[in-house]
Amino acid sequence: MQMTKLPRRGPVLIVDDDETFLKSLSEIIESWGYHVLKTTRGKEALQIIRKKPVEAVLLDFQMPEMNGIECLGYIHRDYPQVSVVMITGCSFELQDFIDLGAAWALQKPFDPALLRQLLDKLPGPCNFNEAISHVSVNP
């Protein structure tokens, strides 16, 4: 049986200070055919976005140096076409993250199938909010 190689999509930037989670999530997303960029720091994430356009950013809420909310603010202000999905181990109100500029938020641990559904419906960086309106999820 011949395996067909998935087309490369993305890139998707993952920002999380937990290197084990970062490695695992990037492997999962790459297996779906996405090109993945990754970093453990918010400031470096902004440098990456400045150099290379990304479709989406998966952004941890709690990080040292620059937390996810601060990084989200910069991304939302300077790169409004980039969709940001906040990822957190804390309980949260989805609307709070959306009010700050996130397209969506997921609580760790989350079902990777949900993330794939969100990313696969992503037609382009400017249409993420429209894409998730067709995804049936209960945050």
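## Charged residues in and after helix H3

Arginine 77 counts as exposed, because its relative accessibility of 57% lies over the 50% cut-off. This value, like the others in this report, comes from a predicted model. The side chain of arginine 77 forms a salt bridge with aspartate 78, and the closest N and O atoms of the two are 2.7 Å apart. Aspartate 78 is partly exposed, with a relative accessible area of 39%.

## Salt bridges between distant parts of the chain

How many salt bridges does a search of the whole structure find? The search finds five. One of them joins glutamate 65 and arginine 41, whose side chains meet at 3.5 Å, taken from N to O. This pair links distant parts of the chain, since glutamate 65 is in the loop between E3 and H3, whereas arginine 41 is in the loop between E2 and H2, and 24 residues separate them. Glutamate 65 is exposed, its relative accessible area being 55%. Arginine 41, at 35%, is partly exposed.

A further salt bridge is formed by lysine 108 and aspartate 60, with 3.5 Å between the closest N and O atoms. Lysine 108 belongs to the loop between strand E5 (104-107) and helix H5 (112-120), while aspartate 60 belongs to strand E3, so this pair ties together parts of the chain that are 48 residues apart in sequence. Is aspartate 60 buried or exposed? Its relative accessibility is 5%, and it therefore counts as buried. Lysine 108, at 21%, counts as partly exposed. Salt bridges also link Asp16, Asp60 and Lys108 in a network.

## Strand E1 and its partners

Strand E1 (9-15) is mostly covered, with five of its seven residues buried. E1 runs parallel to E2, and five bridges join the two strands. In this pairing, arginine 9 has tyrosine 34 of E2 as its bridge partner. Together with helix H1 (residues 19-31), E1 and E2 make a right-handed β-α-β unit.

E1 also runs parallel to E3, to which four bridges join it. Here the bridge partner of valine 15 is leucine 59 in E3.

## Strands E3, E4 and E5

Strand E3 pairs with E4 as well, in the parallel sense and over five bridges. Valine 57 has valine 84 of E4 as its bridge partner. With helix H3, these two strands make a right-handed β-α-β unit. The pairing continues from E4 to E5, which run parallel and are joined by four bridges. Valine 85 is matched there with tryptophan 104 in E5 as its bridge partner. The chain passes from E4 through helix H4 (residues 94-99) to E5, and this β-α-β crossover is right-handed.

Which residues cover the two faces of E4 as buried residues? On one side these are Ser83, Val85 and Ile87, and on the other Val84, Met86 and Thr88. Thus six of the six residues of E4 (residues 83-88) are buried.

## The buried side of helix H2

Helix H2 (residues 42-51) has the buried residues Gly42, Ala45, Leu46, Ile48 and Ile49. Why do they lie on the same side of H2? They do so because they cover an arc of only 160° around the axis. The face turned away from this buried side carries the exposed residues Arg50 and Lys51.

The buried residues of H2 pack against three strands and one helix: E1 (9-15), E2 (34-39), E3 (56-60) and H3 (68-78).

## The nonpolar core

In soluble globular proteins, nonpolar side chains tend to be buried together. The largest nonpolar core of this structure has 41 residues. Those with the most contacts inside this core are Leu13, Ile29, Val57, Leu58, Leu59, Ile75 and Leu115.

Valine 57 offers a view of these surroundings. Apart from its neighbours within four places in sequence, valine 57 is in contact with Leu13, Val15, Ile49, Ile75, Val82, Ser83, Val84 and Val85. Among these contacts, Ile49 is one of the buried residues of H2, and Val84 is the bridge partner of valine 57 in E4. Ser83 and Val85 are buried on one side of E4. Leu13 and Ile75 are, like valine 57, among the residues with the most contacts inside the core.

Conventions. Residues are numbered from 1 along each chain as its sequence is written. This is a predicted model: local features need pLDDT of at least 70, side-chain atom pairs count only at pLDDT 80 or more; totals for chains, interfaces and linings use all residues. Side-chain values use heavy atoms; hydrogens and water are left out. Buried means under 20% relative accessible area, exposed over 50%, partly exposed in between (1.4 Å probe, protein chains only). The arc is that of the directions from the helix axis to the C-beta atoms. Contact means heavy atoms within 4.5 Å. A nonpolar core is a set of buried Ala, Val, Leu, Ile, Met, Phe, Trp, Tyr and Cys residues joined through side-chain atoms within 4.5 Å. A salt bridge is a side-chain nitrogen of Lys or Arg within 4 Å of a carboxyl oxygen of Asp or Glu. Two strands pair if DSSP finds at least two bridges between them. A crossover is right-handed if, with the strands pointing away from the viewer, the path from the first strand over the helix to the second runs clockwise.
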